[in-house]
Amino acid sequence: MSDGHRAAYLAFDRFPSAKGSAVHIRHMAAELFERHGGGLLCVLGGGDLPAYQRENGVEIVRFTEAVPNLLDRAQAFSTWAADRLAAHLDTLEICHVRDPWGALPALTTNAKLVYEANGLPSIELPYAWPMAAPSTLAKIRGLEEHCLRHAEAVVVPSYQIRNAVTERGVPPDRVHLIPNGADPVAADVPRPPDAPGRYVVYVGALQPWQGVDVLLRAFARLADLTDLSLVVCSSVAASRARPLVRLAENLKIPVTWRFQLPHDEVAGWLAHAELSVAPLTATPRNLEQGCSPIKVWESMAAGTAVVASDLPVIREVLGDLGRFVPPDRPAELSRAIRVLLEYPEICRDLGERSRQKIIDGYTWKHARSRLSGVYDLVAGH
């Protein structure tokens with residue numbers, strides 16, 4: 001064990017995993033630990049992941065206790081993380097967190113706190129726990145606000161969530177916008193050997209607010225395009241997809257399902273697709289806090305045109321490089337897909353310009369550089 005770390009990164013997320021959050025953690029934590037010569041990474045474990053490992057000066061410790069209730073698990077994680085931090089109280093200079101469950105133990109140290117607000121539990125919890133009482137959500141919001149206000153800096157990926165954070169009382173000059181990123185996909189990335197001949201792709205998780213059911217209903221309206229398939233590269237296990245698989249079967253549409261692919265394999269599915277779809281729904285999760293979806297950034301990095309729901313947070317990413325449709329409208333989504341498929345030269349142009357936008361300013365290297373600037377400010381304080 002180390003005598004004492006200068007930096008810690010805490011996240012109530014499983015790491016590594018196939019989810020976009022894990023991609024984000026990998027890049028942001030790398031910047032923190034390279035800057036401080038190593039550090040402590042406290043994350044969720046599970047499956048075959050070891051509870052402890054050490055890599056290049058970074059101690060990775062994973063919370064593995066099986067606690068069925070989500071809030072009880074979050075509280076247990078906080079207590080566990082506080083114990084992990086206790087060995088480094090004399091040396092810790094900075095703690096980077098992604099949620100209140102990591103922020104609370106970090107605030108018991110003398111380290112400066114950088115709070116990376118990619119989501120707000122008070123908004124997201126009802127999707128994971130629909131029976132959550134209003135009083136419970138109010139308490140979580142209060143906890144959220146306490147942690148955000150005590151952070152030296154709050155990092156956000158979109159203007160949408162920046163507004164949500166400032167509404168919770170964080171001074172605007174303490175909020176720093178760092179958009180998500182993606183690494184450009186090589187032009188010669190291999191085509192997946194089991195890919196359909198011609199396909200539209202969706203990449204990501206399968207929560208209701210992702211709108212995959214809307215995409216399936218839209219695709220059913222493209223049945224006359226008999227050479228076209230739909231590919232869903234899900235970041236979650238097949239067991240979580242059963243309702244959607246049943247819906248696809250009932251709609252009689254050709255879907256190729258791929259579950260929890262290694263992240264580097266997803267690039268090939270994106271690059272060889274006719275286009276990518278991000279059918280997010282018009283829910284508080286997407287409207288009030290925003291999300292800056294990594295699936296859109298990675299589609300752009302692969303040079304693949306995107307059809308997406310017309311939401312502020314998506315327009316923030318794509319600008320004029322996407323085709324937008326009203327959310328939750330299968331008929332309009334199918335129409336937009338059909339029209340774009342009829343004009344492959346427009347598809348190619350959108351894809352090429354999207355990839356160039358990534359290269360010019362939105363790679364993970366750019367994101368890490370922006371984060372480094374925040375660390376400089378925090379250190380200066």
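Contact here means heavy atoms within 4.5 Å, and in this predicted model the elements that cover the buried residues of helix α13 include β9 (199-204), α7 (212-220), β12 (275-278), β13 (306-309), β14 (322-325) and α14 (344-361). Beyond that helix, the briefing turns to the cysteines, where the structure holds zero disulfides, and to the charged pairs, where a search of the whole structure finds 18 salt bridges.

**Helix α13**

- Helix α13 comprises 12 residues (330-341) and should span 16 Å at 1.5 Å a residue, which agrees with the 16 Å that separates its end C-alpha atoms.
- The buried residues of α13 are L333, S334, A336, I337, L340 and L341; seen down the axis of α13, they fall within an arc of 160°, so they line one face of the helix.

**Cysteines**

- With zero disulfides in the structure, C42 is in none, and the nearest cysteine sulfur, that of C95, is 8.7 Å away; because the cut-off for a disulfide is a pair of cysteine sulfur atoms within 2.5 Å, the 8.7 Å from C42 to C95 does not qualify.
- C42 is buried, its relative accessible area being 0%.
- C347 is likewise in no disulfide, the nearest cysteine sulfur, that of C233, being 18 Å away, and C347 is buried with a relative accessible area of 11%.

**Salt bridges between distant parts of the chain**

- R6 and E93 meet through their side chains in a salt bridge of 3.0 Å, N to O; this pair links distant parts of the chain, since R6 sits in the segment before β1 (7-14) and E93 in the loop between α2 (70-86) and β5 (94-97), 87 residues apart.
- Both ends of that bridge are partly exposed, R6 at 36% relative accessibility and E93 with a relative accessible area of 38%.
- E34 forms a salt bridge with R368, the closest N and O atoms being 3.0 Å apart; E34 lies in helix α1 (residues 20-36) and R368 in helix α15 (residues 364-380), so the pair ties together parts that are 334 residues apart in sequence.
- In this pair E34 is exposed, with a relative accessible area of 60%, whereas R368 is buried, with a relative accessible area of 16%.

**A salt bridge within one helix, and a network**

- E145 and R149 form a salt bridge whose closest N and O atoms are 3.9 Å apart, and both residues lie in helix α5 (residues 134-149), four residues apart, about one turn of the helix.
- E145 is buried, with a relative accessible area of 16%, while R149 is partly exposed at 42%.
- Salt bridges that share partners also join D13, R98 and E116 into one network.

How values were computed:
Residues numbered from 1 in each chain as written. Predicted model: local features only at pLDDT ≥ 70, side-chain atom pairs only at ≥ 80, totals over all residues. Heavy atoms only, no water. Helix = DSSP H or I, 4+ residues; strand = E, 2+ residues; numbered from the N terminus. Expected span 1.5 Å × (residues − 1). Buried < 20%, exposed > 50% of the residue type's maximum accessible area, 1.4 Å probe, protein only. Arc of directions from axis to C-beta. Salt bridge = Lys/Arg side-chain N within 4 Å of Asp/Glu carboxyl O.
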